[in-house]
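This report goes through a protein model one region at a time. Keep the sequence and the 3D view at hand while reading.

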Amino acid sequence: MEIPPIEDRLHLECEVLVVGGGTAGTMAAITAAEQGARVLLLEKAHVRHSGALAMGMDGVNNAVIPGKATPEDYVAEITRANDGVVNQKTIYQTATRGHAMVRRLERYGVKFEKDEHGEYAVRRVHRSGSYVLPMPEGKDVKKVLYRVLRQRHIREKVRIENRVMPVRVLTSGGRAVGVAGFDTRSGRFVTVSAGAVILATGACGRLGLPASGYLYGTYENPANAGDGYAMAYHAGAELSGIECFQINPLIKDYNGPACAYVANPFGGYQVNNRGERFVDSDYWSGQMMAEVSAEIASARGPIYLKLSHLPGETVTAIENILHTTERPTRGTFHAGRGHDYRTHDVEMHVSEIGLCGGHSASGVWVDEHGATTVPGLYAAGDLACVPHNYMIGAFVFGDLAGAHAAAHHRAGGPLPQEQIDAAHELVYRPLRHPDGPPQQQVEYKLRRFVNDYVAPPKTGAKLEIALESFERMREEIASMGARTPHELMRCVEVDFIRDCAEMAARASLTRTESRWGLYHERADQPERDDEGWLFHLNLRRRGDGAMEFVKRPVEPYLVPVEEFAPVAAEPVTLGAAVATAVRRPAGERVAHAAVGRSPRILELNRLAEEQPSVDDLAPYLADPDPKVRRAAIATLTETVPEGTGPALVAALADPHGTVRRAAATGLVELVEVLPATPELG
Ligand SMILES: Cc1cc2nc3c(=O)[nH]c(=O)nc-3n(C[C@H](O)[C@H](O)[C@H](O)COP(=O)(O)OP(=O)(O)OC[C@H]3O[C@@H](n4cnc5c(N)ncnc54)[C@H](O)[C@@H]3O)c2cc1C
């Protein structure tokens, strides 16, 4: 492809812009629309099946259900799990609004486990209180949300642009006024003027390299490359707790969670090679991760998830969740190794490092409405620093940010040309040297440095080498080559990963103590130092490009927690490191290269945006290619036009098994939605 001139760009306008259509982003868009705002939702993939919920969810990790737990218990529990460094006001929002959110999701059609009295059947995993609420049909969450987004009253307010990826938030007079990005399919440059911008782009999942060796075989959804962290940083927003990494227990060589939250409530537990239980801290915290990691490294390693002692029907129940909802390939993986939970304990490991507010505390600094330190800019979900917020917290903060943005958006005037030019350069520079180093190679190198020098146990000396390496890699990243819009997306993601790696290393170097178990284990500073460091460590980009650190006091607790006594103090600005400017090689234009695609399925995807009728879909349902017929069934199931039931029943007679299976799955999924007709019996 050729570099598109800036003047040929697609320009869009809205009152509230949501970037990222995952858990937090879809909820933000729905709420902002319900509050009357004109919303634009941009998603680099496709809202129907993007983000951490794409393959579904096993359960709510942290629902505070009245009668089963109190908000105060929950706030105290999360404060302890985070060694006292929390803004309790934000956690309190999740604690007090989670129940209403569960009920709202239930109204939308999401199913939660109930006991024989019709009460939510929460289970205990945390040290105190029961917060885990299984979702027996969790695989349908994203589909349910998408259907809500496509309901007429929401559709009229929310414009969705799939495959559009913002790369920079544009600011004017210190306020967020829009974004610049590009279409990852056509390559077209895109700018947006917005009255408020909500970033909901998920975790930074591609920071470390997984033990499996697969570049994208990460614990997190690999499309979440840290885009929002980098965008918030370049817009001048503060980020917090970046040194508090995300590290999770997972199945060795398979990027699925080890599922303390799924298997443990059924009676599963972790053992070492002697069959002994070893985790003191059952709660999924940095402390637990330190115990797991130490056990693996000891003479008692490796470690296993033990399920072989459970009755057959319990194992089947676990398999029905683990092998269908989150990772349907999981059963195949175990079968490939000849392993069965009934006869084999499953080897576990720890994941690569990442940044994630939702699982640890590393994120964009937000207040209790999801507002960042840049006026008009919000952050919600895994991207935001609301510790251990998980899925229900992402929904709650999506809702809060959507409501606040809808009430406070403000027209921002003309977009800043200089920032648009810089974003254009950032996106399209790989086209100038298409034979430059390929993205996978550069990304591998960058993330290997992360594993070698940033992953815990950390030391000052290793972190210094990391910083040198990341500085050196700026040039190599700027010289990467690409030929297609998809490759451009991957290249700019590497730029985001580099930004996140630098933030992770600098923040880890600045906090001169150990805290949060393995998440910030400094081998050269092994003690926790509450006097010096019971503080938030925030970072931000100064006008001159330097990364500056601010030590912010922990605000007085709403719920006192005996072990911690934050001290009232003024924020203190610490030193700053000046970043070296990127040298961009000048170059000439390159010849146009076609992008491979399947035209019938792309046509269908476009049609799906327009609420097609069964007649519109009929040619695709009768297409000679079974893949197109299957995609047409998926579109029918997702958009549910009048006549869906009979069309799905007709597809049960399709000559191709995968099409028949898609039709049967669609009918099961829609059993409570479809009107009774003679065909449905
Ligand atoms: C493997 C796994 C298992 C989990 N299990 C549970 C569980 O059982 N229970 C629980 O409560 N929580 C669980 N969680 C946590 C929960 O899923 C997340 O906290 C929550 O879904 C995060 O929502 P989000 O909106 O921040 O991110 P996501 O839902 O991942 O959405 C981010 C979206 O942003 C898009 N995006 C990224 N960059 C850009 C860009 N530049 N432009 C446009 N779009 C972009 C992505 O494509 C994606 O759609 C799990 C998470 C993982 C990874």
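## Strand β8 and its partners

Strand β7 (residues 175-183) is joined to β8 by five bridges, and the two strands run antiparallel. Within this pairing, G181 has V190 in β8 as its bridge partner. The two strands form a hairpin with five residues between them. G187 sits in that turn and has a positive phi of about 85°. The model described here, and throughout this report, is predicted.

β8 also pairs with other strands. Nine bridges join β8 to strand β1 (residues 10-19), and these two strands run parallel. Here E13 is matched with S193 in β8 as its bridge partner. Strand β15 (residues 377-379) is joined to β8 by three bridges, again in a parallel arrangement. In that pairing, V197 stands opposite L377 of β15. How many of the 11 residues of β8 (residues 189-199) are buried? The count is 11 of the 11, so the strand is largely enclosed by the rest of the structure.

## A second sheet

Four strands form an open sheet in the order β10-β13-β12-β11, with antiparallel pairing. Its edge strands are β10 (249-251) and β11 (269-271), each of which pairs on one side only. From one strand to the next, the twist averages 45°.

Inside this order, strand β12 (residues 303-306) and strand β13 (residues 346-350) pair in the antiparallel sense over three bridges. One position to look up is L305, whose bridge partner in β13 is V346. Helix α8 (residues 286-297) lies across β10, β12 and β13 and runs at about 115° to β13. As a general point, the side chains in a regular strand alternate between the two faces of the sheet.

## Helices α3 and α11

Helix α3 (residues 88-108) and helix α11 (residues 390-408) have axes that come within 8 Å and cross at roughly 95°. That angle makes α3 roughly perpendicular to α11.

Which residues of α3 meet α11? They are T90, Q93, T94, R97, G98, M101, V102, R104 and L105. On the α11 side, the residues are I392, G393, F395, V396, F397, D399 and L400. Sorted by type, the residues of the contact of α3 with α11 are eight nonpolar, five polar and three charged.

## Histidine 424

H424 lies in helix α12 (residues 417-428). Is this residue buried or exposed? H424 is buried, with a relative accessible area of 11%; that value falls in the buried class because buried means under 20% relative accessible area.

Neighbours within four places in sequence are left aside in the list of contacts that follows. H424 is in contact with I3, P4, P5, I6 and F189.

## Two cysteines without a bond

A disulfide is a covalent bond between the sulfur atoms of two cysteines. The structure holds zero disulfides. C204 is in none, and its nearest cysteine sulfur, that of C500, is 3.8 Å away.

Why do C500 and C204 form no bond? The sulfur of C500 is 3.8 Å from the closest cysteine sulfur, in C204, and this is too far for a bond, because a disulfide needs the two sulfur atoms within 2.5 Å. C204 is buried, with a relative accessible area of 0%. C500 is buried too, with a relative accessible area of 0%.

Conventions: Residues numbered from 1 in each chain as written. Predicted model: local features only at pLDDT ≥ 70, side-chain atom pairs only at ≥ 80, totals over all residues. Heavy atoms only, no water. Axes fitted to C-alpha atoms, helices over the stretch in contact; angles between N-to-C directions. Parallel < 35°, antiparallel > 145°, perpendicular 65-115°, else oblique. Contact = heavy atoms within 4.5 Å. Nonpolar A, V, L, I, M, F, W, Y, C, P; charged D, E, K, R; others polar. Buried < 20%, exposed > 50% of the residue type's maximum accessible area, 1.4 Å probe, protein only. Pairing = 2+ DSSP bridges.
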